[in-house]
Amino acid sequence: MRTATILSEKMLGHKTVVVLPVHYPRELFTAMDVHTVELWGPPGPPRGPDAGRIQPYACAVVRNALAFLASGGADAADAVLFPHTCDSIQGLATLAPDFGGWGKPALRYLHPKGQDGPAARAFVRAELAHLADRLAELTGRPLAIPRLAAAIELHARIDRLRGAFLSRRAFLDMADPALYRLLRRGEFLGPGDHLAELAVAARGLGEVRVQRGVPLMVTGYVPEPMTLFDSLASAGSFVAADDYAAVGRRVPLSPPADGGDPLDMLAAKAFTMPPCPTRGGDQDVRMAYLETLYRRSGSAGLIVHVQKFCEPELFDVPAIRRRFARIGAPMLYLEGELENSLSGQVVTRLEAFVEMVGAGRKAP
Ligand code: SF4
């Protein structure tokens with residue numbers, strides 16, 4: 001599906017950049033007619049022997065990505081972007097070209113770590129300008145500022161709809177498996193196509209609560225395997241609050257400021273995102289955010305779903321455990337390695353968790 005999308009974008013004369021997780025300025029790519037396709041692994045076994053070039057105690061995301069790039073899986077694309085998400089992806093940015101895993105341009109983007117402030121804004125703006133220069137080398141056309149303003153508006157509309165689906169989840173007449181398939185299509189569809197699909201789905205967002213299952217909150221990295229949602233749905237629950245790095249943490253908490261210089265607006269957006277351990281920041285602030293999200297959504301239990309060996313996510317897990325134990329929230333911890341499907345053992349744990357949480361809700 002992702003390759004088919006790349007080929008159809010090529011027919012439109014657009015370059016394609018494969019993007020490693022998590023955060024990057026999509027608006028800039030849209031403004032410069034560069035199609036982006038995200039590479040979250042891909043899931044399943046590595047697509048070649050090159051995964052073995054990385055130590056086995058690195059996460060499956062980078063090991064699978066190297067194998068995928070080296071086996072020619074992304075050859076239809078024109079470049080790869082390595083955001084500075086973690087040491088593993090930064091290492092991959094060096095390993096992939098050096099080991100013959102990727103011979104086309106390797107772009108880098110350092111997103112801001114930590115709090116907002118004048119120096120941080122200036123830093124992000126410089127990073128954006130640098131990335132725009134690299135994209136101009138790729139496309140042969142410089143960034144046109146009015147086009148960036150239009151791209152910011154387009155992505156703001158996408159963010160609004162994605163945010164509405166997640167924050168008003170109980171009022172959306174759509175099962176989790178379908179909702180997450182829809183949201184994740186934004187990882188590779190052109191923004192106009194993704195917006196059109198979201199707008200159709202928004203007709204199912206009403207004023208009456210339609211989700212009747214056990215409401216759960218999920219925090220984690222990427223919802224793989226997607227069969228997780230089938231298992232949760234058949235166990236009688238739904239995801240009332242999402243804090244996946246790939247999903248909820250990429251929806252800004254406030255809309256872009258009106259007007260002003262578009263590069264400044266884009267730099268400001270980086271500081272409107274929910275707390276994410278891949279961007280550093282204050283752990284207490286993140287814990288307060290998670291508790292607020294949990295309470296506001298009416299969730300009755302928390303699933304922590306992380307990738308094995310993922311340092312940024314795992315760093316916060318003890319704090320999450322403490323915070324949610326203090327408020328008496330039931331918690332289930334799952335660790336994955338981009339498997340194609342959940343094991344029978346994990347499905348049984350999910351079913352038992354939903355049953356326990358559901359029983360607790362009925363208790364007087
Ligand atoms: S799963 Fe964690 S360690 Fe692996 S690439 Fe993502 S952020 Fe980095």
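Let's start in a loop: Pro42 sits between β2 (34-38) and α3. The bond that leads into this proline, from Gly41 to Pro42, is a cis peptide, with omega near 0 degrees. Keep in mind as we go that this is a predicted model. A second cis peptide bond runs from Pro21 to Val22, where omega is near 5 degrees. Val22 belongs to the loop between β1 (15-19) and α2 (26-31).

Now step back to the overall layout. The domain assignment of the protein gives domain 1 (2-145) and domain 2 (207-362). Taken over C-alpha atoms, their centres are 25 Å apart. The contact between them takes 30 residues from domain 1 and 28 residues from domain 2. On the domain 1 side, α2, α3 and α5 (118-139) are the elements that give two or more residues. Of these, α5 gives the most, with five residues. By character, the domain 1 side of the contact divides into 17 nonpolar, eight polar and five charged residues.

Where does the ligand lie with respect to these domains? It lies between them, because domain 1 (2-145) and domain 2 (207-362) both give residues to the shell around the ligand. There are 15 residues around the ligand, and those that come nearest are Cys59, Val61, Cys86, Gln307 and Cys310. Helices α3, α4 (87-98) and α12 each supply at least two residues of this shell, and the largest share, three residues, comes from α12. The shell divides into nine nonpolar, four polar and two charged residues.

The loop just before α12 is worth a look too. Phe309 lies there, between β7 (301-307) and α12 (311-326), and has a positive phi of about 70 degrees although it is not a glycine. Is Phe309 buried or partly exposed? Phe309 counts as partly exposed because it has 19 C-beta neighbours inside 10 Å, and a residue is buried if 20 or more other C-beta atoms lie within that distance. Leu338 is another non-glycine residue with a positive phi, here of about 60 degrees. Its place is the loop between β8 (331-336) and α13 (344-362). Leu338 is buried, because 22 other C-beta atoms lie within 10 Å of its own.

From single residues we can turn to the interior. In soluble globular proteins, nonpolar side chains tend to be buried together. The largest nonpolar core here has 99 residues, of which Val17, Leu28, Leu66, Val80 and Leu81 touch the most other members. Helix α3 (residues 60-70) gives the most to this core, with nine residues. The core draws at least three residues from each of domain 1 (2-145) and domain 2 (207-362). To see one of its members in detail, follow Leu66: leaving aside residues up to four places away in sequence, Leu66 touches Asp50, Ala51, Arg53, Ile54, Leu92, Leu95, Ala96 and Gly101.

Our last stop is a pair of helices. The axes of α6 (residues 145-167) and α10 (residues 262-269) come within 9 Å and cross at roughly 35 degrees. From α6, Ile145, Leu148, Ala149 and Ile152 meet Pro262, Leu263, Met265 and Leu266 of α10. What is the character of the residues in this contact of α6 with α10? Eight are nonpolar, with no polar and no charged residues.

Conventions
Residues are numbered from 1 along each chain as its sequence is written. This is a predicted model: local features need pLDDT of at least 70, side-chain atom pairs count only at pLDDT 80 or more; totals for chains, interfaces and linings use all residues. Axes are lines fitted to C-alpha atoms, for helices over the stretch in contact, and angles run from 0 to 180 degrees between N-to-C directions. Helices (H or I, at least four residues) and strands (E, at least two) are DSSP runs, numbered from the N terminus. Two residues are in contact if their C-beta atoms, placed from the backbone, lie within 7 Å. Ala, Val, Leu, Ile, Met, Phe, Trp, Tyr, Cys and Pro count as nonpolar, Asp, Glu, Lys and Arg as charged, and the others, Gly among them, as polar. A nonpolar core is a set of buried Ala, Val, Leu, Ile, Met, Phe, Trp, Tyr and Cys residues joined through C-beta atoms within 7 Å. A residue is buried if 20 or more other C-beta atoms lie within 10 Å of its own, exposed if 12 or fewer, and partly exposed in between; C-beta atoms are placed from the backbone. Domain bounds come from an automatic or database domain assignment. A residue is near a molecule or strand if its C-beta atom, placed from the backbone, lies within 6 Å of it.
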